[in-house]
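Open the model in your viewer and keep the selection box handy. The tour goes stop by stop, with a selection at each one.

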Amino acid sequence: MSARQARLVAHFPGVNSTTVWSDPASGSQIDFASFQHFAQTAERGLFDYVFLAEGLRLREHGGEIHDLDVAGRPATLAILAAMASVTRSIGVVGTLSSTFNEPYELARQLATIDHLSGGRVGWNVVTSSDAFHGENFRRGGYLPYDERYTRAEEFVALAKRLWESWEPGAVLADRAAGRFVDPHRVHEVAHRGRQFDVSATSTVPRSPQGFPVIVQAGDSPAGRDFAAANAEIIFSRHTGFDEGQAFYRDVKGRLPASGRTEDSLLILPAATFAIGDSDADAREISREIGFAQTSPQTAVAWIEAIWGRELPGLDPDGPLPSVEPAEGNQRLGQVSTRVEDRVARAAALRDRAATEGLTLRQLVAAETASHTFVGSPETIAAEIDRYVQGRASDGFVLVPHLTPGGLDPFVDRVVPVLQERGVLRDRYETDAETGAPVTLRRTLGLPQPPAAAAPVRRDEVAA
């Protein structure tokens with residue numbers, strides 16, 4: 001039996017604690033040249049797709065903009081189109097909120113880029129959870145937890161109906177007869193549901209891959225159910241081998257209830273890495289990167305979030321605060337963490353700092369900035385292979401620490417070892433007849449959506 005193939009995704013390192021923007025080798029997170037270099041490096045490494053996160057608002061802590069977000073958060077759709085224009089085979093996938101977008105307009109925009117790219121687009125469907133983001137939008141506020149997923153399910157279902165509303169063969173382009181479209185094969189979508197009331201005819205024909213690949217990242221029971229019913233890829237947070245296997249079994253076990261098979265859904269955890277000439281060398285590199293990833297401001301913000309109180313004058317290169325944590329679950333801003341027992345957590349952190357002789361910043365780096373894969377190229381390739389063959393994942397979404405060149409060492413050093421092990425392609429598939437690149441869905445080995453859409457009458461409504 002041949003080995004299972006590893007799926008690799010390149011996550012453009014946005015403005016967050018993963019990114020070491022202060023490193024002299026770090027470039028812009030706005031300039032087109034950065035996105036071009038990153039996408040073309042991922043394509044050189046034969047990755048499945050490039051992935052973009054999206055932030056709808058700059059993070060804050062204690063009412064102030066957090067320093068790591070000063071470079072900004074550009075809009076996803078424009079970047080997807082730009083990266084698609086300078087690549088040939090690799091997919092481009094972006095995060096877009098189902099809470100603060102509208103189905104008709106977003107479906108139209110994604111379908112347009114899917115056409116322009118030759119069917120290489122995917123959509124990471126997220127729900128936005130709080131009024132902090134909601135203040136930027138007309139509706140304001142936020143949706144209750146259950147309603148967020150209700151809206152997301154209805155959003156995706158309506159988008160799919162719009163994408164499928166042009167049947168194959170609807171575009172005739174018959175010059176002799178003077179007929180461009182067969183109107184009987186273009187169907188109006190009439191939808192009336194709990195979240196949306198839409199009567200629309202899509203302006204965009206069905207794309208080469210049917211519709212964009214659907215990605216989802218929820219981990220709650222509702223999120224897992226949503227993924228089993230709707231997603232084709234899960235962007236998972238479960239990076240440990242045992243927890244990865246448990247998550248894999250759980251989600252894939254939910255697929256039959258939605259009439260789906262195991263190969264219709266891929267599970268791809270996020271993963272960071274530190275590569276060295278030896279495993280010992282890589283561990284030292286990992287320690288250095290982790291400390292650089294933990295800015296003084298981030299270290300203080302993390303401790304304040306644990307303590308549940310502002311700690312003015314706290315020295316990031318000094319000891320942990322001597323004051324005790326506040327009571328309750330205070331939230332100082334977007335840079336925060338949930339703590340069940342603040343006193344116990346603070347005591348554990350003090351014990352570790354004392355035992356290992358760590359300053360506040362060193363402690364926060366040790367607690368938060370560990371890397372998923374640390375070792376020589378051979379060690380990292382073997383570990384990725386172990387996860388894939390052991391069904392702890394179908395591959396990984398790799399997040400480098402530098403923009404835009406952080407992916408280069410992985411492509412140059414680990415990819416050849418994965419190819420030698422027979423678990424990564426040595427070329428992209430092309431169409432047998434035309435030689436053209438295939439769609440993202442085909443690159444990923446995902447099933448093609450049904451080829452035809454049933455006519456939709458105006459009086460049809462959603463439940």
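A charge sits over a ring if NZ of Lys or CZ of Arg is within 6 Å of the ring centre and within 35 degrees of the ring normal. Keep in mind throughout that this is a predicted model.

**Stop 1: charges over rings**

Select Arg 361 and Phe 291. The charged end of Arg 361 sits over the Phe 291 ring, 4.0 Å from its centre. Now select Arg 441 and Phe 211. Here the charged end of Arg 441 sits over the ring of Phe 211, at 5.0 Å from the ring centre.

**Stop 2: the aromatic cluster**

Stay on Phe 211 and add Trp 123, Phe 155, Trp 163 and Phe 196. Ring pairs link these residues with Phe 211 into a cluster. Rings of Phe, Tyr and Trp pair if their centres lie within 6.5 Å. By this rule there are 14 aromatic pairs.

Take one of them: Tyr 149 and Phe 226. Why is this pair called tilted? The two planes meet at 55°, so the pair counts as tilted, with 6.0 Å between the ring centres. That angle falls between the cut-offs, under 30 degrees for stacked and over 60 for edge-to-face. Zoom out to see what the pair connects. Tyr 149 belongs to helix H5 (residues 145-163) and Phe 226 to helix H6 (residues 221-230), so the pair links distant parts of the chain, 77 residues apart. Colour by accessibility next. Tyr 149 is buried at 11% relative accessible area, and Phe 226 is buried at 1%.

Next, select Phe 241 and Tyr 387. This aromatic pair is edge-to-face: the planes stand at 85°, and the distance is 5.2 Å centre to centre. It too links distant parts of the chain, with Phe 241 in helix H7 (residues 241-253) and Tyr 387 in helix H12 (residues 377-389), 146 residues apart. Phe 241 is buried, with a relative accessible area of 18%. Tyr 387 is buried as well, at 6%.

**Stop 3: helix H3**

Select residues 103-116. This is helix H3, with 14 residues. From first C-alpha to last, H3 reaches 20 Å, close to the 20 Å expected at 1.5 Å a residue.

Which residues of H3 are buried? Highlight Pro 103, Leu 106, Ala 107, Leu 110, Ala 111, Ile 113 and Asp 114. They span an arc of only 165° around the axis, which places them on the same side of H3. An α-helix has 3.6 residues a turn, so residues three or four places apart point the same way. Step just past the end of H3 to Gly 118, where phi is positive, about 75°.

**Stop 4: the barrel**

Switch to cartoon view. Eight strands form a closed barrel in the order E1-E2-E5-E6-E11-E12-E13-E16, with parallel pairing. On average, neighbouring strands of this sheet are turned by 30° against each other, direction ignored.

Select residues 213-216 and 233-236. These are strands E11 and E12, paired in the parallel sense over two bridges. Look for Gln 216, which stands opposite Ile 234 in E12.

Move on to E16, residues 395-398. E16 is covered on both faces: Gly 395 and Val 397 are buried on one side, Phe 396 and Leu 398 on the other. Add strand E1 (residues 7-11), which runs parallel to E16 and is joined to E16 by four bridges. Ala 10 stands opposite Leu 398 in E16. Then add strand E13 (residues 266-271), also parallel to E16 and joined by two bridges. There, Ala 270 stands opposite Val 397 in E16.

**Stop 5: backbone details**

Follow the chain beyond E16. Thr 403 and Pro 404 are joined by a cis peptide bond, with omega at about -5°. Pro 404 lies in the loop between E16 and helix H13 (408-420).

Now go to the loop between H12 and E16, where Arg 391 is found. Phi of Arg 391 is positive, near 55°, in a residue other than glycine. Is Arg 391 buried or partly exposed? Arg 391 is partly exposed, with 38% relative accessible area.

Finish at Ala 173 in strand E7 (residues 171-174). Ala 173 is not a glycine, yet has a positive phi of about 50°. At 41% relative accessibility, Ala 173 is partly exposed.

Technical notes. Residues numbered from 1 in each chain as written. Predicted model: local features only at pLDDT ≥ 70, side-chain atom pairs only at ≥ 80, totals over all residues. Heavy atoms only, no water. Buried < 20%, exposed > 50% of the residue type's maximum accessible area, 1.4 Å probe, protein only. Expected span 1.5 Å × (residues − 1). Arc of directions from axis to C-beta. Pairing = 2+ DSSP bridges. Axes fitted to C-alpha atoms, helices over the stretch in contact; angles between N-to-C directions.
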